[in-house]
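Please look over the model below before reading on. The points that follow go from the whole chain to one sheet.

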Amino acid sequence: MQNRKIKKIAVLGSGVMGSRIACHFANIGVEVLLLDIVPKEPNQQETAKGLTLESKAVRNRIVNDALNAAINSNPSPLYKKSFSTKITTGNFDDNLPDLAQVDWVIEVVVENLAIKKSVFENVEKYRKAGTIVSSNTSGIPISLMAEGRSDDFKRNFVITHFFNPPRYLKLLEIVPSSYTDPELVSFLMHYGDLFLGKETVLCKDTPAFIANRVGIFGIMDTLYTALELDLSVEEVDKLTGPIIGHPKSATFRTGDVVGLDTLIKVAQNLYQSLEKDENREIFKLPDILIKMDDKKMYGDKTGSGFYKKTKNENGETEILSLDLKTLAYKSQTKTKFSTLESTKTIDNLKDRFKVLVSGTDKAGEFYKKTFSALFQYVSNRIPEISDELYRIDAAMCAGFGWEMGPFEIWDAIGVKKGIDIMTSLGKKPAEWVEVMLNSGHTKFYKVENGNKKYYDIPSQSFKTIPGTEQFILLDNLRENKVVWKNAGASLIDIGDGIVNLEFHSKMNTLGGEVVEGINKSISLAEQNFRGLVIANEGTNFSVGANLAILLMYAIEQEYDEIDFMIKTFQNTMMRARYSSIPVVVAPHNMTFGGGCELTLHADRVVAAAETYIGLVEFGVGLIPAGGGTKEFTLRMSDSFEEGDIQMNSLRNAFLTIGMAKVSTSAQEAFDLGIFRKGDVVVLNKNRQITEAKAQAIALAEEGYTQPKMRKDIKVLGKSGLGMVYAGANTMYSGGYISQYDKYISEKLGYIMCGGDLSSPTLVSEQYLLDLERETFLHLTGQKKTMERIQHMLNTGKPLRN
């Protein structure tokens, strides 16, 4: 077996996908050689500088421009811009000999078989034996691309189909040929999962592989159903968005973002190549898409698609929607269906589907038709595109951002009920589904001993999903591993003396029940276990405090209640920091306000790579008062001991809070001072709780001892306050902040400098916590703060009044 290590790769082709694939490998520390073609001639600016086609700047212009565009795009393909130094650029004419130095060559050139074969012919001239070669093609058969290549090339050749953008979409489809070394396939499946953070899905060499085959079918069927039922664009997007666990962009908005030219091209290719597909006609373009293609209405890239941004008569931006009958744009109408209304109180996605398909209005009819078509289609695709049903679900979730795959949704509705609905519409599933039911199996999945198992069609039995044995998935443990729970949180035994606290409040806000859960979990862990992990599988780790409750208390001037609430939260954070067992916090996605403060007080942080964390209280006219301001001041004091210039440290810490900075990745959180040396970043979210548990065990086995509260925090007093006040006044005078921002800034500086102290002084954590709480209470009594909180609750956006 070859011992493969990936130290350096080459990416051939620097377009949108190539440059971003290069960036993602740079994210994980791999050296990247990014190559593209040489321009035909210098442009005007180059000629004016006296440059010629022999100049390196000219020869590498295409690749350099593409890489710079990627680096400066938003959202960024890099965890940190500085990671781009891992990427070296070059061109096909000068730098192909450098392929001898790389471990993996990834081809990402235009989707043209002749061009790809020409590239591979040149790659073969320079690659060393055993080097991995892969193509990012989205549909060209690997057998055709491998024609004429050597045996060693074929053994090490595979399709690695990344989804755009590679940093954010987790799917990596691996498509081998009959020549591909099985050990290489196993290596890439593991490498993609562990190092690239991907959901690696093994696919067959069939048109569009798995995700695009099923996804484009779903989009086209949705369009045809919308036309049949006379549903508007905005109605369909309401029905096919978060309500069914799909992204907010739903169907038509997603088409506009991706580009309708891409959708049209893929659908046309599938129609041409799928002569034996029983649903081939679904991929045939309806008149509306033909007309939109003729008029180049491709979505965002051309300024108009299913939606169009415009200005109304008042000069305000308005998003118009396309009338699917007339192809004219119109103002959007409010979408309301009784079926959707009946799901408003159902937070659990799984529980919604039975209600949705039971609806008697047009929405219910839409769901019956589209889910029936989807279930029939995916059941018939086995074994054509996959031998195992779980791969189809995995591909759709990771590639299209679905929370549940087709077979998981079918399970939620009930397999038998799903077939009944299909039958009523003249459809039927593949024969193997009926065989499964007749053998006594009523679901496609089941959980046993904490492992999720899938129905294996050939053996008519359940098997553990390969690779998931290493994952700790709370959804698989809730049935019989709960130690304690209330309405807002659950404590689950995850084995080896470690328990995990998960939140399940709305958006995982930190209300009274969650705070109770944190305290109770620490007490139980101290009594009966050796470590606590705080992690969850929600969309976001926590968006912070429940602002609605705070606003209610403020309006009613219940300041004693607010004081008690803040004091309790502060004590809870200190309890997490100074317990007798290690507490490991595992944040992911949005981790704001109190969620960030909890993270700041952990013994160790195990963060998902996609963690957007920060103290955002300033945006609603408040300061962090759950120990966040205290902790930043403490860490600032510690930096003095390490030789940092005191005023610079104060300025940096102050601005992080005062500008409500939020990291755009876990890596950036280190730069903000939220994460520290020793904290861990996990690329694959599925591995996060497993790693957090391992860190808790390691801390326990190292002889964890209960720390003592600090009384040696150096604050700068009036000298620091002078800098804060001067800076805030300059920002206000320059029109960068409002007068109220200036006022809050001065309050924040007052805490971080230790109050009105005449000289630098050592203070305790409790001293700073008291200043936090007093300031927070004062600000909740201010009219402008209440206006900001109300605005945030109404719009989700900060107000600068």
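1. How many helices and strands are there in the protein? There are 32 helices and 25 strands, where helices (H or I, at least four residues) and strands (E, at least two) are DSSP runs numbered from the N terminus.

2. This is a predicted model, in which local features need pLDDT of at least 70, side-chain atom pairs count only at pLDDT 80 or more, and totals for chains, interfaces and linings use all residues. Residues are numbered from 1 along each chain as its sequence is written, and side-chain values use heavy atoms, with hydrogens and water left out.

3. The C-alpha atoms fill a box of roughly 80 × 70 × 65 Å along the principal axes. Of the 801 residues, 55% count as buried (under 20% relative accessible area, 1.4 Å probe, protein chains only).

4. One open sheet has 7 strands in the order S15-S16-S17-S18-S19-S21-S23, with mixed pairing; two strands pair if DSSP finds at least two bridges between them. Its edge strands, S15 (482-485) and S23 (680-682), each pair on one side only.

5. Strands S17 (residues 498-503) and S18 (residues 531-534) run parallel and are joined by 4 bridges. Leu501 has Ile534 in S18 as its bridge partner.

6. Helix H21 (residues 512-528) packs on the sheet, touching S15, S16 (489-493), S17 and S18; contact means heavy atoms within 4.5 Å. The direction of H21 makes about 175° with that of S17. Axes are lines fitted to C-alpha atoms, for helices over the stretch in contact, and angles run from 0 to 180 degrees between N-to-C directions.

Note on methods. Buried means under 20% relative accessible area, exposed over 50%, partly exposed in between (1.4 Å probe, protein chains only).
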